[in-house]
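This report walks through strand pairing, burial, backbone angles and aromatic contacts, and it is best read with the structure open alongside.

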Amino acid sequence: MSWEAGGDRRGLTRWDRRGDAAATVVCVGDSITRGNAGDPALSASTVGWVEQLARSLEQCAGLRTSGGFRGFWRGDEWTRVGDWTQVTNTDPFDVAPFGRGFFSSGSAFDVLTWNKPAALTVARFDLYWFEMPDTGDWQYRIDDGTCKSGGASVATADNRLHRLSVEEPISTRVEIRGFDGTRPCIAPIAGISTYAAFLPSIRTVVHNLGCPGELLAVFCRPSAGDPLTLLDDIEPDLVTVLFCNDGDGAKCHGRRSTRCS
């Protein structure tokens with residue numbers, strides 16, 4: 001991401017504004033950004049500022065249709081059974097926010113579960129995955145439904161995030177399993193985005209990427225992959241950055257971090 005100047009125009013060259021009517025905001029930070037996860041029953045004085053922003057945008061648009069991206073740092077929402085390995089920054093598929101991407105063993109029936117918070121409504125969702133050697137056609141299951149293929153297939157290996165869009169509601173959970181219906185396989189998963197309605201062109205979306213305990217240098221880390229590829233998919237109108245952990249002089253560093261300065 002870099003700045004360009006042309007007359008009175010200043011913009012980011014990495015991506016352009018979305019062509020639809022979405023109002024899309026990404027809030028990057030640590031626990032000060034994460035704040036309260038956003039229980040609609042709580043008053044504005046008891047929730048974090050990102051949730052207050054989401055509510056304000058909801059009032060302007062008349063409809064909130066997203067829970068946004070939900071990464072593995074939301075430990076209250078994700079559970080893992082079996083052997084799941086976290087990606088490192090030496091991997092060319094290090095593409096998940098804050099490096100929080102996981103892949104199954106490929107040698108056992110490993111299960112990853114996203115558990116829906118009670119206050120969240122999910123009418124449809126996106127599963128984010130990444131390409132890596134020996135990725136199999138992993139499966140997913142909604143609530144107690146049947147297992148379906150994730151369709152994990154790309155022509156060539158890359159360092160991008162891939163999105164599986166599912167036009168179905170979630171009542172309690174989504175399970176992702178390292179199994180292709182016949183045998184165990186590798187399932188590489190980066191997170192989930194949820195939406196409360198089926199209106200893709202009229203929505204208010206606030207993606208809360210507040211990862212407690214982390215630094216901006218981790219979000220923008222030097223890597224063999226591309227740490228910012230989620231933003232390419234989201235195409236935000238606005239990115240806010242708020243870290244209390246960076247403290248005195250902590251900064252992004254390295255070639256990739258210059259895009260966040």
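## Strand E9 and its two partners

Which residues point one way from E9, and which point the other way? In this predicted model, Arg124, Asp126, Tyr128 and Phe130 are directed to one side of the strand, while Phe125, Leu127 and Trp129 are directed to the other, and all of them are buried. In a regular strand, side chains alternate between the two faces of the sheet. Strand E9 covers residues 124-130 and is mostly covered, with 7 of its 7 residues buried.

E9 is paired with two strands described here. With strand E14 (residues 188-195) it runs antiparallel, and 6 bridges join the two; within this pairing, Trp129 stands opposite Ile189 in E14. With strand E12 (residues 161-166) the pairing is again in the antiparallel sense, over 6 bridges, and there Leu127 stands opposite Leu164 in E12.

## Strand E13 and its two partners

Strand E13 (173-177) is likewise mostly covered, since 5 of its 5 residues are buried according to the DSSP run and the burial cut-off of under 20% relative accessible area. Arg173, Glu175 and Arg177 point one way from E13, whereas Val174 and Ile176 point the other way, and all are buried, the charged residue names on the one side notwithstanding.

E13 runs antiparallel to E8, to which 5 bridges join it, and antiparallel to E10, to which 4 bridges join it. Arg177 in E13 appears in both pairings: it is the bridge partner of Val111, and it is also the bridge partner of Gln139.

## The open parallel sheet

A sheet of 3 strands is open and has the order E15-E3-E16, with parallel pairing. Its edge strands are E15 (204-210) and E16 (238-242), each of which pairs on one side only. Neighbouring strands of this sheet are turned against each other by 15° on average, with direction ignored.

Strand E3 (residues 23-29) and E16 pair in the parallel sense over 5 bridges, and within that stretch Val25 stands opposite Leu238 in E16.

## Positive phi angles and a buried glutamate

Two aspartates have positive phi values although neither is a glycine. Asp134 has a phi of about 70° and is placed in the loop between E9 and strand E10 (139-142), while Asp143 has a phi near 50° and is placed in the loop between E10 and strand E11 (148-149). Are these two residues buried or exposed? Asp134 has a relative accessibility of 68% and so counts as exposed, the cut-off for that class being over 50%, whereas Asp143, with a relative accessible area of 15%, is buried.

Glu51 lies in helix H2 (residues 49-61). Its relative accessible area is 8%, so Glu51 is classed as buried. The C-alpha atoms of Glu51 and Thr33 are separated by 9.4 Å, the two residues being 18 apart along the chain.

## Aromatic pairs and charges over rings

The structure holds 10 aromatic pairs. One of them is formed by Phe109 and Phe179, which are stacked at 4.8 Å centre to centre with 10° between the planes. This pair links distant parts of the chain, 70 residues apart: Phe109 is in the loop between strand E7 (102-104) and strand E8 (111-115), and Phe179 is in the loop between strand E13 (173-177) and E14. The burial classes of the two rings are given separately, with Phe109 partly exposed at 43% relative accessibility and Phe179 buried at 15% relative accessible area. The rings of Trp129 and Trp138 have their centres 6.5 Å apart and their planes at 70°, so that pair is edge-to-face, and both Trp129 and Trp138 are buried.

Ring pairs also link Phe69, Trp73, Phe98, Tyr128 and Phe219 into a cluster; Tyr128, a member of this cluster, belongs to the set that points from E9 together with Arg124, Asp126 and Phe130. Two arginines have a charged end over a ring: that of Arg80 sits over the ring of Phe102, 4.2 Å from its centre, and that of Arg124 sits over the ring of Tyr195, 4.3 Å from its centre.

How values were computed:
Residues are numbered from 1 along each chain as its sequence is written. This is a predicted model: local features need pLDDT of at least 70, side-chain atom pairs count only at pLDDT 80 or more; totals for chains, interfaces and linings use all residues. Side-chain values use heavy atoms; hydrogens and water are left out. Two strands pair if DSSP finds at least two bridges between them. Axes are lines fitted to C-alpha atoms, for helices over the stretch in contact, and angles run from 0 to 180 degrees between N-to-C directions. Buried means under 20% relative accessible area, exposed over 50%, partly exposed in between (1.4 Å probe, protein chains only). Rings of Phe, Tyr and Trp (its six-membered ring) pair if their centres lie within 6.5 Å; planes under 30 degrees apart count as stacked, over 60 as edge-to-face and the rest as tilted. A charge sits over a ring if NZ of Lys or CZ of Arg is within 6 Å of the ring centre and within 35 degrees of the ring normal.
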